[in-house]
Amino acid sequence: AAQKALGGVETLDGLSDLLRRIERGEVLQDDELAFGPTPAYSFSKAALNVFTRLLAASHPAARIVAVCPGDVSTGMCSDWESPDLKTAEEAAEGVLWAATDGRGCPSGGFYRDRAAIPL
């Protein structure tokens with residue numbers, strides 16, 4: 001349900017309207033927002049990716065991207081959730097790549113480990 005709702009958003013105003021309607025409980029209840037143990041977090045990340053795509057389209061002179069650093073060894077992640085946790089330095093490498101490599105990282109995309117992830 002969440003992907004279908006976000007997939008139809010084509011403007012920044014449309015995204016803002018959808019988020020207001022969710023906040024008011026008019027569409028997408030908690031169990032419909034996204035999968036996993038933290039649906040609101042998952043949905044917020046999906047909405048951020050849509051926002052990135054829309055913002056990039058409305059500002060073609062700028063390069064605007066979203067980056068997932070992966071599971072990083074911080075208080076938010078633990079070894080039992082992901083045995084392959086990255087150090088902060090390893091996670092920063094992907095973010096720096098996205099910030100500096102315009103050819104390999106086009107505007108409007110979502111990236112993890114130097115690879116595009118479909119929106």
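**Exercise 1. Decide whether K86 is buried or exposed in this predicted model, and find which residue pairs with K86 in a salt bridge.**

Step 1. The relative accessible area of K86 is 17%, and the cut-off for a buried residue is under 20%, so K86 counts as buried.

Step 2. The salt-bridge partner of K86 is D113, and the closest N and O atoms of the two residues are 2.2 Å apart. This pair links distant parts of the chain, for K86 sits in the loop between β1 (66–67) and α5 (88–100), whereas D113 sits in the loop between β2 (110–112) and β3 (115–117), 27 residues apart.

Step 3. D113 has a relative accessible area of 48% and is partly exposed.

Step 4. As a general background, side chains of opposite charge can pair when their charged atoms come close.

**Exercise 2. Work out which residues are joined with D113 into one network by salt bridges that share partners.**

Step 1. Besides the bridge to K86, D113 forms a salt bridge with R112, where the closest N and O atoms are 3.9 Å apart.

Step 2. R112 is partly exposed, at 31% relative accessibility. Because the salt bridges share partners, K86, R112 and D113 are joined into one network.

**Exercise 3. A search of the whole structure finds three salt bridges; describe the one that E10 forms.**

Step 1. E10 pairs with R53, and their closest N and O atoms are 4.0 Å apart. The pair links distant parts of the chain, since E10 belongs to the loop between α1 (2–7) and α2 (12–23), while R53 belongs to helix α4 (residues 39–58), with their positions 43 residues apart.

Step 2. The relative accessible area of E10 is 55%, which makes this residue exposed, and that of R53 is 26%, which makes this residue partly exposed.

**Exercise 4. Find which residues in the loop between β2 and β3 have a positive phi although they are not glycines.**

Step 1. In general, most residues other than glycine have a negative phi.

Step 2. D113, which is not a glycine, has a positive phi of about 55°, and its place is in the loop between β2 and β3.

Step 3. R114, which is not a glycine either, has a positive phi of about 60°, and R114 is likewise placed in the loop between β2 and β3. With a relative accessible area of 52%, R114 is exposed.

**Exercise 5. Identify the one aromatic pair that the structure holds, and say how its rings are arranged.**

Step 1. The partners are W97 and Y111, whose ring centres are 5.6 Å apart and whose planes make an angle of 75°. Planes over 60 degrees apart count as edge-to-face, so that is the arrangement of W97 and Y111.

Step 2. W97 lies in helix α5 and Y111 in strand β2, so the pair ties together parts that are 14 residues apart in sequence. Both W97 and Y111 are buried.

**Exercise 6. Set these details into the whole protein: what is the order of its elements, and what share of its residues counts as buried?**

Step 1. The protein has five helices and three strands, and from the N terminus on they follow the order α-α-α-α-β-α-β-β.

Step 2. The protein has 119 residues, and 28% of them count as buried. Its accessible surface comes to about 7900 Å², and carbon and sulfur atoms hold 56% of that surface.

Step 3. Among the contacts with a separation of 6 or more, 55% are between residues 24 or more positions apart.

Methods
Residues numbered from 1 in each chain as written. Predicted model: local features only at pLDDT ≥ 70, side-chain atom pairs only at ≥ 80, totals over all residues. Heavy atoms only, no water. Salt bridge = Lys/Arg side-chain N within 4 Å of Asp/Glu carboxyl O. Helix = DSSP H or I, 4+ residues; strand = E, 2+ residues; numbered from the N terminus. Buried < 20%, exposed > 50% of the residue type's maximum accessible area, 1.4 Å probe, protein only. Contact = heavy atoms within 4.5 Å. Areas by Shrake-Rupley, 256 points an atom, 1.4 Å probe, with all protein chains shown as cover. Phe/Tyr/Trp six-rings, centres within 6.5 Å; stacked < 30°, edge-to-face > 60°.
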